[in-house]
Amino acid sequence: MYIKEVMTKEVITVSESDTVEKAAGLLATHDLSGLPVVDDKGYLKGIITEGDLIKHNSKVQVPAFLEILGGIIYLDDPNKYLENVKKSMGYFVQTVMTEEVITISPDEEIEVAASLLVSKKVNRLPVVDDTGKLVGIVSRKDIMNHLFQNE
């Protein structure tokens, strides 16, 4: 069986210019844990998840560092710190979303999606066509419903 047979075709999405509050409202209203972010033509630009929103509202930890002879040696990754600062100050979806998204083709087999969901530790996979346009979404729940529909 293929992804196109079990995916959700009517996907609730947000745009990069939508507010974080709008995204949080949609997640809560529709009992979702993540939303694809698309441009005005429907092309996938990223994903915003509950985790992104939690990071947005959490206090940013300053990286540990040593000061030696007037120089700073970071013990933690300073780039991660800058990324967290950027996300914590974000007001729009674009500044909080995850840009590197694991996707799947509608013509892929369900087993491939199940393996990706587990190995990449994600809850959903946006389904995109060959051009990168969002055509659906497949979640762990969709896979579970398929696996246990006959029992």
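Contacts between residues 24 or more positions apart make up 54% of those in the chain that have a separation of 6 or more. The model is a predicted one, and its chain holds 7 helices and 6 strands, which follow one another from the N terminus in the order α-α-β-β-α-β-β-α-α-α-β-β-α. Of the 151 residues, 31% count as buried, while the accessible surface of the chain comes to about 9,600 Å², with 52% of that area belonging to carbon and sulfur atoms.

**Nonpolar cores**

- The largest nonpolar core consists of 12 residues, namely Val14, Val20, Ala23, Leu26, Leu27, Leu35, Val37, Ile48, Leu53, Val93, Val96 and Met97.
- Two or more residues of this core come from each of helix 2 (20–29), strand 1 (34–38) and helix 5 (93–96), and helix 2 supplies the largest share, with 4 residues.
- A second core, separate from the largest one, has 11 residues, among them Ile3, Val6, Met7 and Ile143.
- Val93, a member of the largest core, touches Val14, Ser15, Glu16, Asp18, Thr19, Val20, Ala23, Val37 and Ile48 when residues up to four places away in sequence are not counted.

**Leu44 and its surroundings**

- Leu44 lies in strand 2, which spans residues 44–49, and Leu44 is buried, with a relative accessible area of 17%, a value that falls under the 20% limit for a buried residue.
- Apart from neighbours within four places in sequence, Leu44 is in contact with Pro36, Val37, Val38, Val101, Thr103, Pro126, Val128, Gly132 and Leu134.
- One of these partners, Pro126, is 82 residues away from Leu44 along the chain, yet the C-alpha atoms of Leu44 and Pro126 are separated by 8.2 Å.

**Helix 6**

- The buried residues of helix 6 are Ile110, Ala113 and Leu117, and because these buried residues fall within an arc of 60° when seen down the helix axis, they line one face of helix 6.
- The general geometry behind such a pattern is that an α-helix has 3.6 residues a turn, so residues three or four places apart point the same way.
- On the face of helix 6 turned away from the buried side are the exposed residues Val118 and Ser119.
- The cover over the buried residues of helix 6 includes helix 1 (3–6), strand 5, strand 6 (134–139) and helix 7 (140–147).

**Helix 7**

- Asp142, Ile143 and His146 are buried in helix 7, and they lie on the same side of helix 7 because they cover an arc of only 95° around its axis.
- The buried residues of helix 7 are covered by elements that include helix 1, helix 6 and strand 6.
- Ile143, one of the buried residues of helix 7, is also included in the second nonpolar core.

**The largest pocket**

- The largest pocket encloses about 400 Å³ of space and is lined by 17 residues, of which Thr8, Leu32, Ile137, Ser139 and Asp142 lie nearest its centre.
- Strand 1, strand 6 and helix 7 are the elements that give two or more residues to the lining of this pocket, and helix 7 gives the most, with 4 residues.
- Asp142 is thus named twice in this account, as a buried residue of helix 7 and as one of the lining residues nearest the centre of the largest pocket.

**Residues with positive phi**

- Asp31 is not a glycine but has a positive phi of about 50°, and its place is in the loop between helix 2 and strand 1.
- Asp31 is exposed, with a relative accessible area of 71%, a value over the 50% limit for an exposed residue.
- Lys121, which follows helix 6, likewise has a positive phi, near 55°, in a residue other than glycine, and it is placed in the loop between helix 6 (110–119) and strand 5 (124–128).
- Lys121 is exposed as well, with a relative accessible area of 72%.

Conventions: Residues are numbered from 1 along each chain as its sequence is written. This is a predicted model: local features need pLDDT of at least 70, side-chain atom pairs count only at pLDDT 80 or more; totals for chains, interfaces and linings use all residues. Side-chain values use heavy atoms; hydrogens and water are left out. A nonpolar core is a set of buried Ala, Val, Leu, Ile, Met, Phe, Trp, Tyr and Cys residues joined through side-chain atoms within 4.5 Å. Buried means under 20% relative accessible area, exposed over 50%, partly exposed in between (1.4 Å probe, protein chains only). Contact means heavy atoms within 4.5 Å. The arc is that of the directions from the helix axis to the C-beta atoms. Accessible areas come from the Shrake-Rupley method with a 1.4 Å probe; for residues, only the protein chains shown count as cover. On a 1 Å grid over the protein atoms alone, a cavity is a set of points where a 1.4 Å probe fits but cannot get out, and a pocket is an open set with protein on both sides within 12 Å along at least five of seven lines; lining residues have an atom within 4 Å of a point. Grid points are joined across faces, edges and corners, and a volume is the space filled by probe spheres set on the points.
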